[in-house]
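Reader: I'd like a close look at one part of this fold rather than a tour of everything. Pick a good place to start, and tell me what each term means as you use it.

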Amino acid sequence: MRVALFTETFLPKIDGIVTTLCETIRQLHKLGHKVLIFAPDGGLDDFEGARIVRMKSRAFPLYPELRLSLPHASMRATLCEFQPDLLHVADPALLGIAGLYYGGGDHGGALHLPLVVSYHTDLPAYLHYYKLRFMEPVTWPILRARHNRATINLGTSVAIVEQLRRHGVKRVALWPGGVDTERFRPGRGSPEMRARLTGGHPESPLLTYVGRLSAEKSIERLKPILEAFPGARLALVGDGPHHKALREHFAGMPVTMAGFLRGDELATAFASSDIFVMPSRTETLGLVILEAMSSGVPVVAARAGGIPELIEDGVTGYLFDEETEAIAAIQNLLMSQETRSAIGIAGRQWASEHSWAAATQELIKCYQAACEGQNVSDDPAPEHPSLRFRARRAARRTTLFAIRKLLP
């Protein structure tokens, strides 16, 4: 199968979406599938044998590490040369408009191709953290219109699938996440990494957060939790637009801001920790939670979004609504090595059943269903078209005319 992927979130950016796409591309290539990637400029032009078509982009003012690209007329020739079997758009913003135009709809779009759209970011929830809550009433209609053009929509957790359906998004299926259990495994910890994450105090209990340092992650909620354990230390692994604010928020506290870690170094950081903490309430899944569990590290995470689907409370980790619940769970773990070990083993066992190979097989099933289900016939007019039909046809043709000026 030949897949053209459109994403405004890709390397060199580091986050859960990029991890998902990179691991999926690797798995698709292992299975003999071909992938063409359209992404913003600023990185390599090849990934694991897949060509990356870099599009001119600009940083998004509210989130500078996110770069947005406009579609370009040259994309059509590139697609026709590649001859994809279907299009996959991840979180359609601006660049994804090209995918929405070239595929999907009632008749397969301009290129008569199936269209798969995946939902990775709980955008309406993010608005609350950027003082844009007033935009929420108009955000869902826009998202609904875009997603309902897709042949199949994908949510990364059952909670997100249900959320999309509640808001009128049709043809929704589940695309579960995965984890590299060979890389993220118990026993990879090192004294050097632990000393680094604890700021030179490796004997202290170590709580670790891994992810973007951004407002929607609610990392500030970790302050009262850390204050409840005077001898403990907190490591924030990652970076982002909230870095300076967090440094000020935790000023004078035993907090190490370790920056981005990648690959084996990140796996070592997980395995060198005592407890992984995740305060975010906007996770559509939470891949870092899977990575912590796979590393045998007990997880204490917010009961929100897709997180409860990863954790059986009290068995493979702990869930909390209020900080007092998180404090109680961490205290229970720190007081008992036996409990930490049991939770870590159970989490590792659960994570080992969620490989990227299995997740990609589910995605391929969705791709096949999209190819079988997409109607690519012409749109015949009724013998005696009504006024409403003529008005809709005129509006559609006017819209397509405008788009073709950008995407001929």
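Author: Let's start with an open sheet of eight strands, ordered β3-β4-β2-β1-β7-β8-β9-β10 with mixed pairing. (Strands are DSSP E runs of at least two residues, helices are H or I runs of at least four, and both are numbered from the N terminus; strands pair when DSSP finds at least two bridges between them.) At the edges sit β3 (46-47) and β10 (172-174), each of which pairs on one side only. Before going further: the model is predicted, so local features need pLDDT of at least 70 and side-chain atom pairs count only at pLDDT 80 or more, while totals for chains, interfaces and linings use all residues. Residues are numbered from 1 along each chain as its sequence is written, and side-chain values use heavy atoms, with hydrogens and water left out.

Inside that sheet, β7 (residues 86-90) runs parallel to β8 (residues 115-119), and four bridges join the two. If you want a spot to click on, Val-89 stands opposite Val-117 in β8. Packed on the sheet is helix α2 (residues 74-82), in touch with β1, β2 (34-40), β4 (50-55) and β7. Contact here means heavy atoms within 4.5 Å. The direction of α2 makes about 165° with that of β2; axes are lines fitted to C-alpha atoms, for helices over the stretch in contact, and angles run from 0 to 180 degrees between N-to-C directions.

Two backbone oddities turn up in loops between elements of this region. Leu-11 and Pro-12 are joined by a cis peptide bond, with omega about 10°, and Pro-12 belongs to the loop between β1 and α1. In the loop between β3 and β4 you'll find Glu-48, which isn't a glycine but still has a positive phi of about 50°.

Carry on past Pro-12's loop and you're in α1, so let's see what that helix does. It packs with α14 at an angle of about 80°, the axes being 9 Å apart. That makes α1 roughly perpendicular to α14 (the label covers 65 to 115 degrees). From α1, the residues in play are Thr-19, Thr-20, Glu-23, Thr-24, Gln-27 and Leu-28, and they meet Trp-356, Ala-357, Thr-360, Leu-363, Ile-364 and Tyr-367 in α14. As for character, this contact splits into six nonpolar, five polar and one charged. (Ala, Val, Leu, Ile, Met, Phe, Trp, Tyr, Cys and Pro count as nonpolar, Asp, Glu, Lys and Arg as charged, and the others, Gly among them, as polar.)

Now for some empty space. The count comes to one cavity of 30 Å³ or more, and the largest cavity holds about 60 Å³. A cavity is a set of points on a 1 Å grid over the protein atoms alone where a 1.4 Å probe fits but can't get out, and lining residues have an atom within 4 Å of a point; points join across faces, edges and corners, and the volume is the space filled by probe spheres set on them. So who does the lining? Val-3, Leu-5, Leu-21, Thr-24, Ile-25, Leu-28, Val-35, His-88, Leu-363 and Tyr-367. At least two residues each come from β1 (2-7), α1 (16-30) and α14 (356-373), and α1 gives the most, with four. Chemically, that lining is eight nonpolar, two polar and no charged residues. Compare the lists and you'll spot familiar names: Thr-24, Leu-28, Leu-363 and Tyr-367 line the cavity and also take part in the contact between α1 and α14.

For context, there's another open sheet, with six strands in the order β13-β12-β11-β14-β15-β16 and parallel pairing. Its edges are β13 (255-259) and β16 (318-320), each pairing on one side only. Neighbouring strands there are turned by 25° against each other on average, direction ignored. Within that sheet, β14 (residues 275-278) and β15 (residues 299-302) pair in the parallel sense over three bridges, and Met-278 has Ala-301 in β15 as its bridge partner.

Terms used: 1 Å grid on protein atoms, 1.4 Å probe; cavity = no way out; pocket = protein on both sides within 12 Å on 5 of 7 lines; lining within 4 Å. Parallel < 35°, antiparallel > 145°, perpendicular 65-115°, else oblique.
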